[in-house]
Amino acid sequence: MTAAVAPVPVPAAAAPRPAPTGLRVTQARVVRSEWIKFRTLRSSWITLGAGVAGMIGIGLLVSWATNNHWSQMSPIDRLTFDPVNQSLAGAFLAQLAIGVLGVLIVTGEYGTGMIRATLGAVPKRLPVVWAKLVVYAVVTFAAALVAAFASFLGGQALLSTHGVSLSAPDALRCVIGAALYLTVVGVFAAGLGFAIRNTAGGIASLFGLLLVLPGLAHALPSSWQHWVLPYLPSQAGMNVFAVLRDPSMLSAWTGFGVFCIWAAAAVALGAWVLSHRDA
Amino acid sequence: MCRCVRPRRALVRAACAVRTCALRPQPGTRRLEAIQESGSPVIEIRELTKRFGPKLAVDSLSFDVRPGMVTGFLGPNGAGKSTTMRMVIGLDRPTAGTAIVNGRPYAQHPDPLHQVGALLEAKAVHTSRTARNHLRVLAATHGIPTSRVDEMIDLVGLSDVASKRAGGFSLGMGQRLGIASALLGDPSVLVLDEPVNGLDPEGVRWVRDLLKYKASQGCTVFVSSHLMSEMAVTADHVIVIGRGRLLADCPTSELIRSASSNRVSVRTPDAGRLQTALAGPDVTVTVTAPDVLEVDGLASARIGEIALAERIVLHELVPQQASLEEAFMEMTADTVEFHAAAGSTSAGPTQEPSSV
């Protein structure tokens, strides 16, 4: 047998091996695999638990402190006081834990070499992105929703006479909105994880975009700020759990939509990187 | 390479010296002799090329791997073995060319783990997850039942540590876990990169037996190694590459047959006289030590007869069988990517201390 220099067409004889019934990769199975991945790492639960505890803890602490200091508060503070926001203040802390975990569920695989086992089993690759996002979004939303309701109900109880109920205007929207915001933070983080593949770089980029960018935008000339500031990820996204809205900012759902576009862009970049670069 | 340093006897019975030039592919005849035809090719590599920046890691490589036998994939460090295997599994995207497994690129199979079992890196494992959970994660992608996971854990002998974090595993245990994941989908093709790396002698033997058993069952076994001695006893067919290019593609038996060497080492107190007595056309005599001659071109029996006729005392008369390792060193000498400092010749785990 001699080997021609030109590419040789595939002989018909070498056919794919027939599989026993049912043995094949499906999107649902990849989701199941990612769910096993998530729950079999202790760090997943520790980080997620820290986020939930932080959110509830801060919400209760702030509510309790506000109630205790009510008599010393200035009239302006009392006027702008928003009991809903007060009890959900812990979301600012929770986003750290959820963001870090979102990056880690992806970059942890690159750091350990697991990604090569993952892509060996799912060589089409993109199902891994969708599965990770679905699993992490569902888990985050469930945990954040519990944390948001607990913060709100506990916080309002501690605010006693200054508190409101869930039936107050915008209260329910804010509680669910806080959970949605945290979920999208997680998706944003995982998307950046796929794009950057490195834990330190992923976390730095995430919090650079969420926390540092607004600070930098404030350094812009004030005439430019209203073109930039409202559209930054956290500035847009946080409106979804704000009752008293800064008029220069976007409305609750428009802002949340802009935040989702940011997250979608990160995911698109991550998916492109995963499917085009060597693992 | 210092020519006088040479193992005095073959370490591996089957391994023989090789005439390097005979194994270099000639234009148009990549295969030197009829291949053991035991089925149509299962892995087909065609003009496969991979460039990392300025470095050409794999250079227009073309070869086939056939079922029913163990195919060894040899080459020095950096020759492109791992990169080639990663392209077969679709982890690396070829710059040019194709790698086909069971009739399709690996990624286009609906059931990749059932088609090909791969071990490309011992530690492609999340260090914080237990061995069993790692296998469950992989099994879940294909709907492979957990009972199969437990079977594989038993098979590779990891039952005692299956619930321990994989991060604490030794290299050998990591290899066993990697082999378990390769076998998980009951594949017809095995692609294993250095599977015996880090294994103890018992583990090496176990892998060897496993590969031979799989091949006897009609599986395609494609296994890389830089340990010639290991390949000499495991592989039925060898593919040798250097600097990303094909150097040889032939049955191991062919390699061994072409390896028959005529060199004989003679130790005698009267080396000078013997050298004169042996001289002739086609005979090369090299003095490697004051009392040792290396004779090329005469059978040991003939040397003994000449010595008797000349009444020269011989203390040793040893037909030299250079190891397959040495043949490999010769074959790949000009393609080795990373040279050790001068003076360290063919150092390897199986290298015999040579007497000079």
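This passage describes a predicted model with chains A and B, covering the fold of chain A, the contact between the chains, and selected helices, sheets and backbone features of chain B.

Chain A contains 12 helices and zero strands, and its elements accordingly read α-α-α-α-α-α-α-α-α-α-α-α along the sequence. Along the principal axes, the C-alpha atoms of chain A occupy a box of roughly 95 × 45 × 30 Å. The chain has 279 residues, 43% of which count as buried. When contacts in chain A are restricted to residues at least 6 apart in sequence, 78% of them join residues at least 24 apart.

Helix α5 of chain A runs over residues 91–112. With 22 residues, α5(A) spans 30 Å from its first C-alpha to its last, close to the 32 Å expected at 1.5 Å a residue. The helix nevertheless has a bend of about 40°, located at I105(A). Of the 22 residues of α5(A), 16 are buried, so the helix is largely enclosed by the rest of the structure. Just after α5(A) comes G113(A), which adopts a positive phi of about 95°.

The two chains meet through 52 residues of chain B and 42 residues of chain A. On the side of chain B that touches chain A, at least two residues are supplied by each of β1 (43–52), β4 (96–101), α3 (112–115) and α4 (131–142) of chain B. The greatest contribution is that of α4(B), with seven residues. By residue type, this side of chain B comprises 19 nonpolar, 20 polar and 13 charged residues.

Helix α4(B) is also notable for its burial. Here 12 of the 12 residues are buried, so α4(B) is largely enclosed by the rest of the structure. Among these buried residues are the charged R132(B) and R136(B), as well as N133(B), H134(B) and H142(B). The surroundings of α4(B) come from both chains: its buried residues pack against α1 (27–39) and α6 (114–121) of chain A, and against α3, α5 (146–156) and α6 (171–183) of chain B. After α4(B) follows G143(B), with a positive phi near 70°.

Two of the strands that touch chain A, β1(B) and β4(B), also belong to an open sheet of three strands in chain B, ordered β2-β1-β4 with antiparallel pairing. The edges are taken by β2 (55–65) and β4 of chain B; each has a single partner strand, so one side of each is left without a neighbour in the sheet. Neighbouring strands of this sheet are turned against each other by 20° on average, direction ignored. The antiparallel pair β1(B) and β4(B) is joined by five bridges, and I45(B) stands opposite A99(B) of β4(B). Helix α2 of chain B (residues 81–88) packs on the sheet and touches β1, β2 and β4 of chain B. The direction of α2(B) makes about 115° with that of β1(B).

Parallel pairing is found at strand β3 of chain B, residues 69–74. This strand is mostly covered, six of its six residues being buried. The cover extends to both faces: M69(B), T71(B) and F73(B) are buried on one side, and V70(B), G72(B) and L74(B) on the other. Six bridges connect β3(B) in the parallel sense to β7(B), residues 220–225; in this pairing, G72(B) has V223(B) as its bridge partner. Four bridges connect β3(B), again in the parallel sense, to β8(B), where V240(B) is the bridge partner of L74(B).

Positive phi values also occur at residues of chain B that are not glycine. One of these is S60(B), with a phi of about 45°. S60(B) lies in β2(B), a strand at the edge of the open sheet. With 15 other C-beta atoms within 10 Å, S60(B) is partly exposed. Another is R243(B), which has a phi of about 50° and is placed in the loop between β8 (237–242) and β9 (245–251) of chain B. R243(B) has 20 other C-beta atoms within 10 Å and counts as buried, since the criterion is 20 or more.

Definitions and conventions. Residues are numbered from 1 along each chain as its sequence is written. Chains are lettered from A and ligands numbered from 1 in the order in which they are written. This is a predicted model: local features need pLDDT of at least 70, side-chain atom pairs count only at pLDDT 80 or more; totals for chains, interfaces and linings use all residues. Two residues are in contact if their C-beta atoms, placed from the backbone, lie within 7 Å. The expected span of a helix is 1.5 Å times one less than its number of residues. The bend at a residue is the angle between axes fitted to the seven residues ending there and the seven starting there. Two strands pair if DSSP finds at least two bridges between them. Axes are lines fitted to C-alpha atoms, for helices over the stretch in contact, and angles run from 0 to 180 degrees between N-to-C directions.
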